[in-house]
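Ready for a few warm-up exercises? Have a look at what is shown below, then try each task before you read its solution.

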Amino acid sequence: MFDGYDSCSEDTSSSSSSEESEEEVAPLPSNLPIIKNNGQVYTYPDGKSGMATCEMCGMVGVRDAFYSKTKRFCSVSCSRSYSSNSKKASILARLQGKPPTKKAKVLQKQPLVAKLAAYAQYQATLQNQAKTKAGNIAVSMEGFSWGNYINSNSFIAAPVTCFKHAPMGTCWGDISENVRLEVPNTDCSLPTKVFWIAGIVKLAGYNALLRYEGFENDSGLDFWCNICGSDIHPVGWCAASGKPLVPPRTIQHKYTNWKAFLVKRLTGAKTLPPDFSQKVSESMQYPFKPCMRVEVVDKRHLCRTRVAVVESVIGGRLRLVYEESEDRTDDFWCHMHSPLIHHIGWSRSIGHRFKRSDITKKQDGHFDTPPHLFAKVKEVDQSGEWFKEGMKLEAIDPLNLSTICVATIRKVTQNFLLNGLTTSGKLAPLQHQ
């Protein structure tokens, strides 16, 4: 979307007199920014409806301040001169850069100030709208709760063990329902942080629905939390750390001997491994760092690669900003183990198409990613029958990932195929079970 602020003249086709009837000017939209100046109301919307250019002298001003119903001229003088013998001379003077008539200057003085003020107001309005939109997005992102979503719809979440590339994917262990944890006690009036035992009622990825011990079948204080959080500990952590275990205030009256209650409830129960927090910390350590340079597929031309810079790393996913993006908005998200990213020089080494950057040297702080951080391509025995140019196969349509298309091999490089999709031969969409 572009903010077209260029002043635009009316239709250059004109009659011999400015007073002759023409179509009435369309009313301005009611949602345009308005300013007031000396009792007059001016608008500066999009450079077309609210502004006008004198067809005689070329002066730009607020349309409402122009002469006649047609708003084609800034003054009576220009209106009359347009149809007089001086028309050619005035246009020639304008083309040569000479100033307009004195009357035109006087009439333009006030609208020009109004134009600049309205333009500033319009810019401020756009900035406020952008901030409001960004704030709404942030609120909607923070307002989403996986726990409420899972509970209200009785959904079943895919377990962490299904995602071997994700943090804790290979060391999630036997974490399941009924596992006991030591968590902060939020149902307490003490001024210091205290803890209590809770059991897992339901799992949804890294999130768990917890219930404090002693509530039995009462779900009134059930709560969701991230098991990988810093306040989640295995049973016994409080005793080792000298932290107090205090029962929730709601059920404090139920038992007189809470120690005996806990011994009975926790005998034979499972808890987190002692090194669970250490494993979480290790799994969140990523070799890719911000300011690293990589080669990544060009999202606008999938058959070539471009240089991009790692902007941030979240859960093993990289936000890559193309190096030539001045405002840092031309980005691309992918996982660090994705086959779409490569070390600098990869395209040249295998003969793949590559878009050269206009930037002649690296920016300060940017450095090439070491090649050993990228997933290695498995060696394939290419003896005997192997891929050749012109062969046909089935491939996922990169512009519609739910569809498989007939494709033609256009080029074969080292461990890489460049396919051309045949749009006339689409197959049935994938059926996800």
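Strands here are DSSP runs of type E with at least two residues, numbered from the N terminus. Keep in mind that the model is predicted.

**Exercise 1. Find the strand that holds Glu295, and work out whether Glu295 is buried or exposed.**

Step 1: Look at residues 292-298. That is strand E9, and Glu295 is found in it.

Step 2: Check the relative accessible area. For Glu295 the value is 3%. Buried means under 20%, so Glu295 counts as buried.

**Exercise 2. Find the polar partners of the Glu295 side chain.**

Step 1: Start with side chains. Ser347 makes a polar contact with Glu295, side chain to side chain, at 2.7 Å.

Step 2: Now try the backbone. The nitrogen of Gly345 sits 2.7 Å from a polar atom of the Glu295 side chain.

Step 3: Widen the search to contacts of Glu295, skipping neighbours within four places in sequence. You'll meet Gly345 and Ser347 again, and the list also includes Thr305, Arg306, His343, Trp346 and Phe354.

Step 4: Try a distance too. Between Glu295 and Tyr322 there are 9.3 Å from C-alpha to C-alpha, and the two are 27 residues apart in sequence.

**Exercise 3. Work out which strands pair with E11, and how enclosed E11 is.**

Step 1: Take E10 (residues 301-314). This strand pairs with E11 in the antiparallel sense, over 6 bridges. One bridge joins Val310 to Leu320 of E11.

Step 2: Look at the turn. The hairpin of E10 and E11 has 2 residues between the strands, and Gly315 takes a positive phi near 60° there.

Step 3: Move on to E12 (residues 331-335). E11 and E12 are antiparallel as well, with 5 bridges. Leu320 has Phe332 as its bridge partner in E12.

Step 4: Count buried residues in E11 (residues 317-322). You get 5 of the 6, so the strand is largely enclosed by the rest of the structure.

**Exercise 4. Describe the largest nonpolar core, then find another one.**

Step 1: Recall a general tendency: in soluble globular proteins, nonpolar side chains tend to be buried together.

Step 2: Here the largest nonpolar core has 25 residues, and Leu181, Ile200, Leu210, Ile227 and Phe276 have the most contacts inside it.

Step 3: See where the core residues come from. Elements giving two or more are strands E5, E6 and E7 plus helices H6 and H7. E6 gives the largest share, 4 residues.

Step 4: Look apart from this core for another, of 17 residues. Among them are Val294, Val297, Cys334 and Leu373.

Note on methods
Residues numbered from 1 in each chain as written. Predicted model: local features only at pLDDT ≥ 70, side-chain atom pairs only at ≥ 80, totals over all residues. Heavy atoms only, no water. Buried < 20%, exposed > 50% of the residue type's maximum accessible area, 1.4 Å probe, protein only. Pairing = 2+ DSSP bridges. Contact = heavy atoms within 4.5 Å. Polar contact = N/O pair within 3.5 Å; in protein donor to acceptor, adjacent residues only side chain to side chain. Core = buried A, V, L, I, M, F, W, Y, C linked by side-chain atoms within 4.5 Å.
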